[in-house]
Amino acid sequence: MDPFDKALHLTREAFLSIQEGLGKKPDASLQALEKLKSMTRRRISSLARQQQQLLSVSDQPPAPHLKLPDSPLEQWTMDSLRKAALVCVKCSHLAASRTQVVFGVGNPKAELMFVGEAPGADEDAQGEPFVGRAGQLLTRIIETMGFTRDSVYIGNVLKCRPDMPPGSSGNRKPRSEEMATCLPWLREQIRLIRPRVLVALGATAAEGLLGETRPMRELRGTWLEYEKTPTLVTYHPAYLLRNQSLQEKRKVWEDMLLVLEKLGRPISKKQRRYFLPT
Ligand code: SF4
């Protein structure tokens, strides 16, 4: 029995057992089940076609726009890198569960780049990193620093939303091996953008980007390096949504002041005093 017929059979068995429990017929027709089956078949065939296309092209060296970024000598443009990442199926479980790959957004020549851990449900739906509540807070931080969201670059270590168990909502942290698999995309993005400063948002992003496993209290506030680019680790904006004390906001703001100083940007007296007790 092929897997779809088996799934159909199991579903029918489940309905029959519900029927026994309730003493009446469940509300699902065989037609509905057949429709479900053909929809599932179409979805799987389309995914298989996508994967086949990628595999057949990746065997041919002259198609750099579809090769995975394993070589530092690869001549990527941001556009060709993006096109290749959008059809990436290196993590088959994430490729099957995602709505879309969330590549990154912003100025491809930005002097400042923010790196988060992974897309959540909002980002998966919209195809853009940091668009949920935490993202709106990040945008406010960026603007308070004197930048616009468009003038910096925002990306994640993992480009597909971590899958969730069926029926559960929310987001999960990416696993170390998932981030390691995806890191080459981010590495190439950083090489193309060549930001003067990187900011890793949260301990998971610090682990994915820098291999750091120290706790945040040891990581934040100190300059680290990613391939010679000065890198600062600070709290993820989602942390600030959960801990709204002035003290925690000030810690993140002090990190941003360090970033502004490193970039040689002017800092007003007012900016220096944000989130200090009055
Ligand atoms: S998470 Fe990254 S490596 Fe994995 S399938 Fe998505 S884009 Fe590819």
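Let me start with the two faces of strand β4, both of which are covered in this predicted model: on one side Val197, Val199 and Leu201 are buried, and on the other side Leu198 and Ala200 are buried as well. The strand spans residues 197-201, and since five of its five residues are buried, β4 is largely enclosed by the rest of the structure.

Now, which strands pair with β4? One partner is strand β2, residues 112-116, which runs parallel to β4 and is joined to it by four bridges, and if you look along this pairing you will find methionine 113 standing opposite leucine 198 of β4. Another partner is strand β6, residues 229-234, which also pairs with β4 in the parallel sense, over four bridges, and here the bridge partner of alanine 200 is valine 233 in β6.

Let me turn from the strands to a pair of helices. Two packed helices are described by the angle between their axes and by the distance between those axes. For helix α3, residues 78-86, and helix α7, residues 176-193, the angle is about 170° and the axes are 10 Å apart. Because an angle over 145 degrees counts as roughly antiparallel, α3 is described as roughly antiparallel to α7, and the crossing of α3 and α7 is left-handed.

Which residues make this contact? From α3 they are Met78, Leu81 and Ala85, while α7 brings Trp185, Glu188, Gln189 and Leu192. Sorted by character, the residues of the contact between α3 and α7 comprise five nonpolar ones, one polar and one charged.

Methods: Residues numbered from 1 in each chain as written. Predicted model: local features only at pLDDT ≥ 70, side-chain atom pairs only at ≥ 80, totals over all residues. Axes fitted to C-alpha atoms, helices over the stretch in contact; angles between N-to-C directions. Parallel < 35°, antiparallel > 145°, perpendicular 65-115°, else oblique. Left-handed = near helix turned anticlockwise from the far one by under 90°. Contact = placed C-beta atoms within 7 Å. Nonpolar A, V, L, I, M, F, W, Y, C, P; charged D, E, K, R; others polar. Buried ≥ 20, exposed ≤ 12 C-beta atoms within 10 Å, placed from the backbone. Pairing = 2+ DSSP bridges.
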